[in-house]
Amino acid sequence: MHVPDGFLDARTLISAAGLAAVGLGLALREVRRHLPARRVPLIGLAAAFIFAAQMLNFPVAAGTSGHLIGAALASVLLGPAAAIVAMTAVLLLQALMFADGGITALGANVLNLAVIAPLVAYAVYSAVGRLAGESLQGTLLATGFAAWCSTMAAALACAAQLAASGVVAWGTVLAAMGGVHMVIGLGEAVITMLIVAVVARARPELIAPAATAAAPPRHRAAVAYGAMLSIGLMILLAPFASSLPDGLEHVAERFGFAESAIAAQPALLPDYTVVPLAEASPWLATVAAGAIGALVAFAVAWFVARALAAPGRTTARH
Amino acid sequence: MLRDRVLSPYQHGSSAIHRLPAGAKLAAAVACILLIVLLPRAAWGAYAAIGASLVVVALVTRADLYQLLVRLLLLEPFVLGIALLALLRPGGVPLFLSMLTKSTLCLACMILLTATTRFSDLLAVLWRIRVPSLLVTTLALMHRYLFVLLEEMERMQRARRSRTFVAGRSSSWRNSAQVAGQLFVRTSERAERVYLAMCARGWKV
């Protein structure tokens with residue numbers, strides 16, 4: 001999901017960099033003010049850990065393998081502000097040392113993967129955790145669903161930036177990125193849950209149960225809401241921004257693409273009951289597809305969490 | 001080893017480019033990338049000129065050209081993945097070609113920079129241009145411990161492989177997660193020791 005240089009236009013680059021700078025600045029301030037000094041070196045080492053964990057292969061099928069993105073893992077292990085700093089360090093090192101992810105696109109990549117993803121992950125983690133209770137199963141369920149949501153949020157933000165730059169029509173990129181990352185997000189959810197389960201069994205004190213995850217203080221909430229608002233704005237405005245010169249009729253036509261592109265991927269949502277809906281209202285169809293994906297993700301997270309939290313199941317393997 | 005080659009982009013050398021100050025090289029690379037990004041989409045003459053000058057720079061550095069090319073090719077799939085999206089729109093072929101060229105040239109700039117400049121020198125530049133100190137400290141610690149943790153992870157995987165005989169997708173997922181989870185536990189323990197060592201040397205936030 002790292003956007004290289006040369007794809008985003010100047011307007012998108014500058015606005016994304018501005019938002020990323022605000023998010024990172026608030027996170028740095030939060031860490032400096034509220035994190036005990038003892039925990040500061042952990043941010044750097046945890047960034048190295050995330051980078052190392054991204055190199056582990058998780059075989060999928062036919063020789064392909066997936067790997068971790070790590071934003072949700074960082075958020076659960078470190079808390080949101082430290083996770084933003086750690087993920088930014090990961091992206092900076094990848095861009096400056098390995099040319100992975102562009103220099104001009106750094107703002108956009110930091111915004112998607114290091115600001116939006118950890119914030120969404122933490123918001124979902126604490127919200128689901130409060131509902132699911134203090135047990136290991138509740139924490140794992142919250143972790144899994146948070147990982148899926150953060151992957152989707154980052155993918156949609158990335159799609160919005162590509163669409164706003166006129167690289168590709170909004171409908172097409174939404175269907176492509178959203179569809180693919182619904183599946184990738186499931187992998188991310190399962191990997192993150194497996195890792196958090198190992199840490200929670202070995203050193204429970206390293207993970208605050210999701211239920212007791214601190215209700216965000218006011219300024220932290222401001223960061224979260226600011227980022228949410230900007231995602232929302234980008235998602236809402238991107239289709240119009242990318243096609244303003246062509247007028248609104250074009251928007252409708254582009255949503256036509258969305259439909260055909262979604263319909264071209266029947267494997268992702270096999271009993272895709274929203275197809276008739278797509279003819280009536282493309283927006284509603286998109287929302288329905290997203291809701292179905294979220295339900296599937298929640299169900300997967302629930303089953304995996306139950307399996308992992310079952311007493312004696314994992315401990316027997318030690 | 002391909003992996004070692006990927007993980008250590010810096011190539012030792014004593015060319016004129018190697019000896020330039022890191023700040024100047026970083027500024028030049030960023031300026032070059034900005035230029036490429038801001039060029040109009042059909043400026044093929046300019047692309048050719050920039051490409052030719054990058055080749056000249058690569059020759060002046062006397063770096064291992066094969067290794068530079070391998071790095072470029074390894075990064076190319078990510079570029080292609082996004083560029084292919086442009087083909088989905090009607091009349092997207094020129095857009096596809098120009099984005100592919102732009103991205104490849106930008107990648108070449110960064111690969112040349114990292115092949116001739118140590119990351120620690122780039123960190124010193126970031127420190128000088130007043131990037132927030134907490135972020136630079138985090139980056140420095142990350143860079144310092146990245147290879148330590150990667151080696152530790154490999155040791156754990158080797159130990160795991162030599163003790164388990166179960167093959168299969170689900171067990172390999174669990175094993176990788178086990179390695180990652182234990183690695184985090186060890187990382188947090190190491191962070192405590194690092195903190196004490198930093199305090200002993202007079203470090204303050």
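Biologist: What makes residues 314-318 of chain A a stretch to treat with care?

Modeller: This is a predicted model, and pLDDT stays under 50 over residues 314-318 of chain A. The model has four contacts beyond four places in sequence for that stretch. Where pLDDT is low, the coordinates should not be read in detail.

Biologist: Which other stretch of chain A has pLDDT under 50?

Modeller: Residues 239-274 of chain A, where the model has 47 contacts beyond four places in sequence. The caution applies to low pLDDT in general, so detailed reading of such coordinates is out.

Biologist: What are the mean pLDDT values for chain A and for chain B?

Modeller: For chain A the mean is 78, with 74% of residues reaching 70 or more. For chain B the mean is 87, and 96% of its residues reach 70 or more. As for the complex, the predictor gives an ipTM of 0.91 and a pTM of 0.84.

Biologist: OK, on to helices. Why is helix 6 of chain A called roughly antiparallel to helix 7 of chain A?

Modeller: Helix 6 (residues 136-164) and helix 7 (residues 170-202) of chain A pack at about 150°, with axes 7 Å apart. The cut-off for roughly antiparallel is over 145 degrees, so helix 6 of chain A counts as roughly antiparallel to helix 7 of chain A. Their crossing is right-handed. By class, the residues of that contact are 24 nonpolar, eight polar and one charged.

Biologist: And in chain B, what makes helix 3 roughly antiparallel to helix 6?

Modeller: Helix 3 of chain B and helix 6 of chain B pack at about 175°, their axes 9 Å apart. Set against the cut-off of over 145, that angle makes helix 3 of chain B roughly antiparallel to helix 6 of chain B. Helix 3 of chain B brings residues including L26(B), A29(B) and I33(B), while helix 6 of chain B brings, among them, L105(B), C109(B) and L113(B). The contact has eleven nonpolar, one polar and two charged residues.

Biologist: How many residues do the chains put into contact with each other?

Modeller: 61 residues of chain B are in contact with 59 residues of chain A. Helix 9 of chain B gives the most to the chain B side, with 21 residues. That side divides into 44 nonpolar, twelve polar and five charged residues.

Biologist: At what angle do helix 4 of chain A and helix 8 of chain B cross?

Modeller: Roughly 65°, and the axes of helix 4 (residues 80-98) of chain A and helix 8 of chain B come within 9 Å. The crossing is right-handed.

Biologist: Which residues make that contact?

Modeller: From helix 4 of chain A they include V85(A), A89(A) and L92(A), and from helix 8 of chain B they include L135(B), L139(B) and M142(B). By class, the contact of helix 4 of chain A with helix 8 of chain B has nine nonpolar, three polar and no charged residues.

Biologist: What are the domains of chain B?

Modeller: The domain assignment gives domain 1 (2-125) and domain 2 (132-200) of chain B. Taken over C-alpha atoms, 31 Å separate the centres of domain 1 and domain 2 of chain B.

Terms used:
Residues are numbered from 1 along each chain as its sequence is written. Chains are lettered from A and ligands numbered from 1 in the order in which they are written. This is a predicted model: local features need pLDDT of at least 70, side-chain atom pairs count only at pLDDT 80 or more; totals for chains, interfaces and linings use all residues. pLDDT is the predictor's confidence in each residue, from 0 to 100. Two residues are in contact if their C-beta atoms, placed from the backbone, lie within 7 Å. Axes are lines fitted to C-alpha atoms, for helices over the stretch in contact, and angles run from 0 to 180 degrees between N-to-C directions. Helices (H or I, at least four residues) and strands (E, at least two) are DSSP runs, numbered from the N terminus. Angles under 35 degrees count as roughly parallel, over 145 as roughly antiparallel, 65 to 115 as roughly perpendicular and the rest as oblique. A crossing is left-handed if the near helix is turned anticlockwise from the far one by less than a right angle, and right-handed if clockwise. Ala, Val, Leu, Ile, Met, Phe, Trp, Tyr, Cys and Pro count as nonpolar, Asp, Glu, Lys and Arg as charged, and the others, Gly among them, as polar. Domain bounds come from an automatic or database domain assignment.
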